[in-house]
Amino acid sequence: MPDFDLSPLSSADFLNGDGFPLPLDGFINLSPPHSHDYHFGLEDNEGISELFDCIEDGHCQLKFVNFEAHENHISHETQGLSKKHLVVRRGKPFKITLLFHSRSWNPHTERLVLEVGLDTLSTKIPVQFSDKQSNIHDWSAKIYPGNMHPHSVTIHLCSPVLSSVALYNLRVHIETMQNRRSYAVGTFVLLCNPWLKEIVPRHCCCFSDDPVYIPLDDEIEEYVKSDYGLMYMGTHLNIIRRPWSFGQYEPGVLEACLTLLQVSPQHLNNKRKDYILRADPVYLSRVVCAMVNCNDDLGILEGKWQGNYKDGVKPTEWSGSADILRRWVSTGCSPVRYGQCWVFASVLCTVMRVLGIPSRVVTVFNAAHDGDGSLKIEEVYSSTGEKLKLSKDSLWNFHVWVECWMRRPDLGGGFDGWQVVDPTPQEKSAGIFCCGPCPVVAVQSRSLGAPYDTSFIYASVDADVIRLIVRDGLIVGRELDTELVGQLIYTKSIGSDKPQNLTQTYKSKKGKARSAVCGASRRYKRHSEGRLFHLSTVHVLKRHHTIPPSVYESALVGDDIVNLAVVIKDVRTKERVLATEEFSLSSPQITIEIEGGDTVQMQREHTAQVSFSNMFTKILYQAVLTVEGSGLLQGKREARLVLLQPGQKIETKVSIMATSPGTKILMATFSHNNSMNVVSRSFHRVSVMAAMSPSSVLPLQQQQQQLQ
């Protein structure tokens, strides 16, 4: 619960809802009153707020407000998140400077009060003189020695450590014994603070650190500030790395994350309650998780796993979150088509990092979907190896979710740390399509009753697999596999493109209790006379079988994944043994090179050379080489050839220009008429350095000149 007064504000106290005000570096002019009542708002590209109020001659009048955005963004580690808003972190003071008209504020006869508000929730904060640090459990507004000037004053405003994550309205009141003059001066965004660690006395039982505090600087750098990630896909024997641009520094992304919170069912149903609960990262993670998919709300992504994708974007064609979030906002919160698990997870990771909650994308190879809560996965095959859809359960060659770092005071000690949050819509949790947060340690310790959804996550990484071979309605073969599920669990290592193996953080070293196979499936119990068997390893028989491309190309599961099933029949006993394997096909590579290197300057033109060589032994017809990159290119660039001979190269030069700093991904694909799918897809990481400008180098000197 946040520590602020719940005193209601009048309807005139708020900025209009058509757009967000724009607090910028430099002073905001509060122009003289007009004959109308109240109007609040900032003019586009000007940062000016007009106040219509009655100001009596001879009294202190507020002229300018400087949100000190440049200095505050550096202090609060929020540089680049927004050019429209002041963005700060809870529990840490930030500065605003007030400049008055000809006469300065007189603290002996006039009281200065700041007021922050969220809809009908507000708190008034008397400005005090102090040389002591702020109490991070209450709102405070302090003037430190040296912050008073002839015509201005600098105030250090600090929010409680458990403040709600939101866009706040800020008002300034100048009060005397006779009257009060009020100014709507703008807004600021308040985020979680993973840096906030406060030392408290041993006898104090309260927490002074932010619930998302994470101790190591390199962890914050990787899991909060970094806008670059790696997905691990394919199979556990043939792992494919795929880069992703989280894009939290792209224009409009922070605003999209704020919009997500404002259009959630929780906010639309009860704004007051939602604002209060947004102080809790557990609550935030459930709201955001449900909003990433669109199954029961105005969510961001629509999922699709089969069929054609002509009415949207094929999931494999996405390379970053920014395009998805901006497309969702620009269409009035209509769902973006289409996503699959790694897309859902990557967008969730972006939103959580923007909100200040440490997050990382995690891949589980051989992930189970336990459809009936039995903690067992049942697969049914025909006697010829065809997989039959007779079970609610399923196995994925890989599945991607997110781990978020937070304290779990709702569970008591022992469950803090990484929590699984899975936005892919699989099963409902408390009536909505979301999953988690589930403590990873609860999965490892098999504490299946711990909220949220621990038994489902446990089955995803550690369920037993029961394979049944059925012929004419009878079970003719049965196999139990206790090791397949969750065979490998990966995330990107800190500061490196190498994978970090998380498997043992989910799996108990002591193993797990096994149930008897005979109780595995009630559906086939009447046919359970079939017995378990083991093949002898005395004799090894090898058979080689060649599958030509003309056969497997049409059966690819994804862009490059083949699922192969083999059934061996004992002609004497009529028993059958099933073996399955999923493997990835390696694709011929597309070459991408940036002239001058992979680190580029923002707002400067650079050239990328992209090429593909036909390494096949046949002619490829209607060859197309496509290049795209969010934040680097507007739209797509294509090169086409009617015939691409064996050994021949198709290439193109593309001019790129980065519009914002951070990590960008340049993606190239190659396709041709001989194949239904994209033949090759390559990604190239580009680091963009911010352009230096005089305004970003000397903002404080300029501000001092304005004060003088």
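The questions and answers below concern a predicted model and ask how its buried residues, strand pairings, helix and cavities come by their descriptions.

Q: Why is Ser159 called buried?
A: Ser159 has a relative accessible area of 1%, and because buried means under 20% relative accessible area, Ser159 is classed as buried. This residue is found in the loop between β9 (152-158) and β10 (166-175).

Q: What makes the approach of the side chain of Ser159 to the backbone nitrogen of Gly91 a polar contact?
A: The side chain of Ser159 reaches the backbone nitrogen of Gly91 at 3.1 Å, and since a polar contact is a pair of N or O atoms within 3.5 Å, the distance of 3.1 Å satisfies that cut-off.

Q: How do you know that α8 has the span expected of a helix?
A: Helix α8 (residues 341-355) has 15 residues, which at 1.5 Å a residue should span 21 Å, and its end C-alpha atoms are 21 Å apart, so the two values agree. The expected span is 1.5 Å times one less than the number of residues. Just after α8, Gly356 takes a positive phi of about 95°.

Q: What makes α8 mostly covered?
A: Of the 15 residues of α8, 15 are buried, where buried means under 20% relative accessible area, and on that count the helix is described as mostly covered.

Q: Which way do the residues of β4 point, and are they buried or exposed?
A: From strand β4 (residues 86-89), Leu86 and Val88 point one way while Val87 and Arg89 point the other way, and all are buried. In a regular strand the side chains alternate between the two faces of the sheet.

Q: How do you know that β4 and β11 pair?
A: Two strands pair if there are at least two bridges between them, and 4 bridges join β4 to strand β11 (residues 180-191), so the criterion is met, with the strands running parallel. Within this pairing, Leu86 stands opposite Phe188 in β11.

Q: Which strands pair with β30, and over how many bridges?
A: Strand β28 (residues 590-594) and strand β30 (residues 605-613) pair in the antiparallel sense over 5 bridges, with Ile594 having Ala608 in β30 as its bridge partner. β30 and strand β33 (residues 649-657) also pair in the antiparallel sense, over 9 bridges, and there Ser611 stands opposite Glu651 in β33.

Q: Why do β21 and β25 stand at the edges of their sheet?
A: The open sheet of 6 strands has the order β21-β20-β19-β16-β24-β25, with antiparallel pairing. β21 (438-439) and β25 (499-501) each have a single partner strand, so one side of each is left without a neighbour in the sheet. Inside this order, 4 bridges join β16 to β24, and the bridge partner of Thr363 in β24 is Tyr490.

Q: How many cavities of 30 Å³ or more does the structure hold, and what are the volumes of the largest and the second largest?
A: The structure holds 2 cavities of 30 Å³ or more; about 80 Å³ of space lies in the largest, and the second largest has a volume of about 60 Å³.

Q: Which residues line each cavity, and how do they divide by class?
A: The lining of the largest cavity includes Glu222, Tyr223, Arg353 and Lys492, and by class it has 5 nonpolar, 2 polar and 4 charged residues. Its largest share, 3 residues, comes from β12. Ser245, Glu250, Asp323 and Ile665 are among the residues lining the second largest cavity, whose lining divides into 2 nonpolar, 6 polar and 2 charged residues.

Note on methods: Residues are numbered from 1 along each chain as its sequence is written. This is a predicted model: local features need pLDDT of at least 70, side-chain atom pairs count only at pLDDT 80 or more; totals for chains, interfaces and linings use all residues. Side-chain values use heavy atoms; hydrogens and water are left out. Helices (H or I, at least four residues) and strands (E, at least two) are DSSP runs, numbered from the N terminus. Buried means under 20% relative accessible area, exposed over 50%, partly exposed in between (1.4 Å probe, protein chains only). On a 1 Å grid over the protein atoms alone, a cavity is a set of points where a 1.4 Å probe fits but cannot get out, and a pocket is an open set with protein on both sides within 12 Å along at least five of seven lines; lining residues have an atom within 4 Å of a point. Grid points are joined across faces, edges and corners, and a volume is the space filled by probe spheres set on the points. Ala, Val, Leu, Ile, Met, Phe, Trp, Tyr, Cys and Pro count as nonpolar, Asp, Glu, Lys and Arg as charged, and the others, Gly among them, as polar. A polar contact is a pair of N or O atoms within 3.5 Å; within protein, one must be able to donate a hydrogen and the other to accept it, and residues adjacent in sequence count only if both atoms are side-chain atoms.
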